[in-house]
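User: I am new to this structure and would like to see how its descriptions are justified. Could you take me through them step by step?

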Amino acid sequence: MQGKSIREMSRRQRYLIADIFIAYFAMGLYLILIGSALPSIKAEYGISYGVGGMMMSAQQVGYLVIGIFTSLLARRFPVKAVYLGLGVLAFIGLALMMVSGNPFVLLFAMLLTGVCKGSTCNFGNQMVSTLSGSNASLLNLAQAFFAVGACAAPLVAMVCGASWRSAFAITIAVGAVMFVHGLRVTIGPDAYVRESAAGSVDFGFFRTKIFWLCTVLLLCYLAIEGSVMGWLVTYFVDSGAASEAAAQLLATALWGALLIGRFACAWLSTRFQPHHMIAVMALGVAVCFTGLMVSRTIVPMAVSTMGLGLFMAGMYGTTLGGSENLMERYPMCMGMFIAVPGIGAAVTQSAIGAIADRIGIRGGMSFLYVLVAALLAAAALFFVYHQRKQPKK
């Protein structure tokens, strides 16, 4: 198995890994809960599809901007302070959405959730990668904890019923627990490579082919996942395919499939090469997304939704696992892995909302076919790149 397993780490390192897992759980919870609550927020505050799309895009803008600045902030301030400070912003954003329906407040609140998401992804992926030596299995396990939170979110929404504010309050409480746990972490140079503030930043990864292949894969994947994450419940309800309760159950099924898929990918990553797994997952995403879009009844929609979750599950961690240790060699690389794909995700969220205002939510979701086609092309090039680097027998 490539890299170092969690059993080979020190107690201090395992505590930090556990804190990252908690942060991923919280991130899955608040991101999916926002998507689950969006129909209720939309109805209560009287916002349009366009404003809903702008809210999703504001989240992506925060995600991509902080992807660049996290590493820069960590060069000038204590890493732990930046890690904890940015990590609580999502919960401040949720609190703002609970008290105001002003579009500008909603956009700012979503921006904060995106900043928190970008910070968690940046610190989490880089620290797990550095501590484990880019162990794809451990990277996928971190993503699995995101899926646990994402799977719990629709259940929290269902338990709270029409009171989406109660669901947000529960999530804010989880954020408080996460912050208290994080106060005890120690982030040393073995976990986060911190460049000197006076030194130059090395952007040498821009000259590597593998960086651009991974970036395109992440761009397509994040745009598809973010759109499905944000619009799925609205899509099911507004297309008339399911009631709101049934749509919440389908969202739970999606993240249940993602959870199973991510644990499966953590195991499969110890037995198969990343480029083989990426090729299979990209093809599966294309088939299942097509099934979701052409279905008109609940059963094929449910099957396609769960299949989509299974095949999307390991895309992120497996792509990073196949990045040839770029994050360890170039501290700014993870920021670019967040920022550049975040641009595509932000544009996609707004495009879906704008198209849906004109021709309906089904037409808006059809825009994702562009990303699915690009994902297939990038996966093919990623496969060829790694195959050519395999030693000749």
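User: What makes Phe236 count as buried or exposed in this model?

Analyst: The model is predicted, and in it Phe236 has a relative accessible area of 0%. Buried means under 20%, so Phe236, at 0%, is called buried.

User: Where does Phe236 lie, and which residues is Phe236 in contact with?

Analyst: Phe236 has its place in helix 8, which spans residues 209-238. Leaving aside neighbours within four places in sequence, its contacts are Ala241, Ala242, Ala247, Leu250, Leu292, Met301 and Thr305. For one of these, Ala247, the separation from Phe236 is 11 residues in sequence and 5.8 Å in space, taken from C-alpha to C-alpha.

User: Why is helix 1 called roughly parallel or roughly antiparallel to helix 5?

Analyst: The axes of helix 1 (residues 11-45) and helix 5 (residues 103-132) come within 10 Å and cross at roughly 155 degrees. Angles over 145 degrees count as roughly antiparallel, and therefore helix 1 is described as roughly antiparallel to helix 5. The crossing of this pair is left-handed.

User: What kinds of residues make up the contact of helix 1 with helix 5?

Analyst: Among the residues of helix 1 that take part are Leu16, Ile20, Tyr24 and Met27, and the helix 5 side includes Met110, Lys117, Gly124 and Val128. The residues of this contact divide into 17 nonpolar, 5 polar and 1 charged.

User: How do you know whether helix 4 is roughly parallel or roughly antiparallel to helix 5?

Analyst: The same kind of reasoning applies here. Helix 4 (residues 89-99) and helix 5 have axes that come within 7 Å and cross at roughly 160 degrees; this angle is over 145, so helix 4 is roughly antiparallel to helix 5. Here, too, the crossing is left-handed. Residues of helix 4 including Leu89, Ile92 and Leu96 meet residues of helix 5, among them Phe108, Leu112 and Val115, and the contact divides into 13 nonpolar, 2 polar and no charged residues.

User: Which residues have the most contacts inside the largest nonpolar core, and how many residues does that core have?

Analyst: The largest nonpolar core has 137 residues, and Phe168 and Tyr316 are those with the most contacts inside it. Neighbours within four places in sequence being left aside, Phe168 is in contact with Leu33, Ile34, Ala37, Ile41, Leu94, Met97 and Met98.

Conventions:
Residues numbered from 1 in each chain as written. Predicted model: local features only at pLDDT ≥ 70, side-chain atom pairs only at ≥ 80, totals over all residues. Heavy atoms only, no water. Core = buried A, V, L, I, M, F, W, Y, C linked by side-chain atoms within 4.5 Å. Buried < 20%, exposed > 50% of the residue type's maximum accessible area, 1.4 Å probe, protein only. Contact = heavy atoms within 4.5 Å. Axes fitted to C-alpha atoms, helices over the stretch in contact; angles between N-to-C directions. Helix = DSSP H or I, 4+ residues; strand = E, 2+ residues; numbered from the N terminus. Parallel < 35°, antiparallel > 145°, perpendicular 65-115°, else oblique. Left-handed = near helix turned anticlockwise from the far one by under 90°. Nonpolar A, V, L, I, M, F, W, Y, C, P; charged D, E, K, R; others polar.
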